[in-house]
Amino acid sequence: MTGDSKNLDRVLVLEMVRVTEAAAIAASTLIGRGDEKAADAAAVEAMRDALNKLYLDGTVVIGEGERDEAPMLFIGEKVGAAQDGGPKIDIALDPLEGTTITAKAGPNALAVLAVAEEGGLLNAPDVYMEKLAVGPGYPDGVIDLNKTPTENIHAIAKAKGVAPHEIIACVLDRPRHEKLIAELRQVGCGIMLIPDGDVAGVIATTDPDTTIDVYMGSGGAPEGVLACAALRCVGGQFKGRLVFRNDDERARARKWGIEDLDKVYDLTDLAKGDCIFAATGVTDGSLLEGVKRRPGKMTTESVVMRASSGTVRWVKGEHRL
């Protein structure tokens, strides 16, 4: 637990919810329409507009990509209505985590945002990251990326006081995870395969109602930072290691100041100090309900957390059309 931040005023906690609500509502108009790019663009524009109304001097450290790849909310973009005068804040965001999910009206699409004091969030390059995460309540070091999936499942089971076949692992349903899935099947544990949305997958390990004990596999490195911001608030353990497919990706990592390309990152390497995490459901999922349209209004469900206080708030919103 950290002390209260001078820059992350408690007022910002609910302001972050307004930002993710705006992105989720905008994206919801394109649920099931089959247009991933349009859904993402709507969420990006709404989130950017909402951020620019807040009294802060914000810098996007994780966004939609580099400036030449993303017209809005690119890495390094300045946002906020108090630039060069307001509190300096680093921002990691994914206006629509689950663009394909939204286009196909699938579960677990979210609008996600994390903020920290300047320098508090890792500038993670847009490459894959091998991830291993568990929720709170386990002894330190129960998970280890240098051990096999089998060894990690046995360690988690032992710490939990159950047999390995009683452990449930969450894994992205991807061809690259074929060997991982086969090994987990050999161990006998259950596997919850998800089509997208690994931020929600990591956070699910903190909620006993999901029955998920561990998240395993590779996904986007920026999403790893967002997930770690949430774990900092509610507890848990995370291990991550960047995965590079070619020299271009290694060069991209070095561009953002990463020299040790084989480093295993811990929770506080990715999100340190005080931080705030907020998410609003776009489609129904294990973490949040999606946006619902009713006569004359829309409803949203959001969660917002703060590391320094350990507070988790669930926010139901009604928005007049």
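Q: How many cavities of 30 Å³ or more does the count come to in this predicted model?
A: The model is predicted, and the count concerns spaces where a 1.4 Å probe fits but cannot get out. With a threshold of 30 Å³ or more, the count comes to one cavity.

Q: Which residues line the largest cavity, and how many of them are charged?
A: The largest cavity holds about 40 Å³ of space, and its lining is made up of G65, E66, E69, I75, P125, D126, R252 and W256. Sorted by class, that lining has three nonpolar residues and one polar residue, while the charged residues number four.

Q: Which helix gives the largest share of the largest nonpolar core?
A: The largest nonpolar core has 50 residues, and F238, L242, L270 and F277 are those with the most contacts inside it. Its largest share amounts to nine residues, and these come from helix α7, residues 221-234.

Q: How many residues does the second, separate core have?
A: In soluble globular proteins, nonpolar side chains tend to be buried together. Here a second core, separate from the largest one, includes V13, L54, L96 and V315. The size of this second core is 38 residues.

Q: Why is the chain, with its nine helices and 14 strands, described as compact?
A: The chain has nine helices and 14 strands. For 321 residues the globule rule gives 20 Å, and the radius of gyration of the chain is close to that value, so the chain is as compact as a globular protein of that length, with a radius of 19 Å.

Q: What percentage of the residues of the chain count as buried?
A: A residue counts as buried when its relative accessible area is under 20%. Of the 321 residues of the chain, the buried part comes to 54%.

Definitions and conventions
Residues are numbered from 1 along each chain as its sequence is written. This is a predicted model: local features need pLDDT of at least 70, side-chain atom pairs count only at pLDDT 80 or more; totals for chains, interfaces and linings use all residues. Side-chain values use heavy atoms; hydrogens and water are left out. A nonpolar core is a set of buried Ala, Val, Leu, Ile, Met, Phe, Trp, Tyr and Cys residues joined through side-chain atoms within 4.5 Å. Buried means under 20% relative accessible area, exposed over 50%, partly exposed in between (1.4 Å probe, protein chains only). Helices (H or I, at least four residues) and strands (E, at least two) are DSSP runs, numbered from the N terminus. On a 1 Å grid over the protein atoms alone, a cavity is a set of points where a 1.4 Å probe fits but cannot get out, and a pocket is an open set with protein on both sides within 12 Å along at least five of seven lines; lining residues have an atom within 4 Å of a point. Grid points are joined across faces, edges and corners, and a volume is the space filled by probe spheres set on the points. Ala, Val, Leu, Ile, Met, Phe, Trp, Tyr, Cys and Pro count as nonpolar, Asp, Glu, Lys and Arg as charged, and the others, Gly among them, as polar. The radius of gyration is taken over C-alpha atoms; the globule rule is 2.2 Å times the number of residues to the power 0.38.
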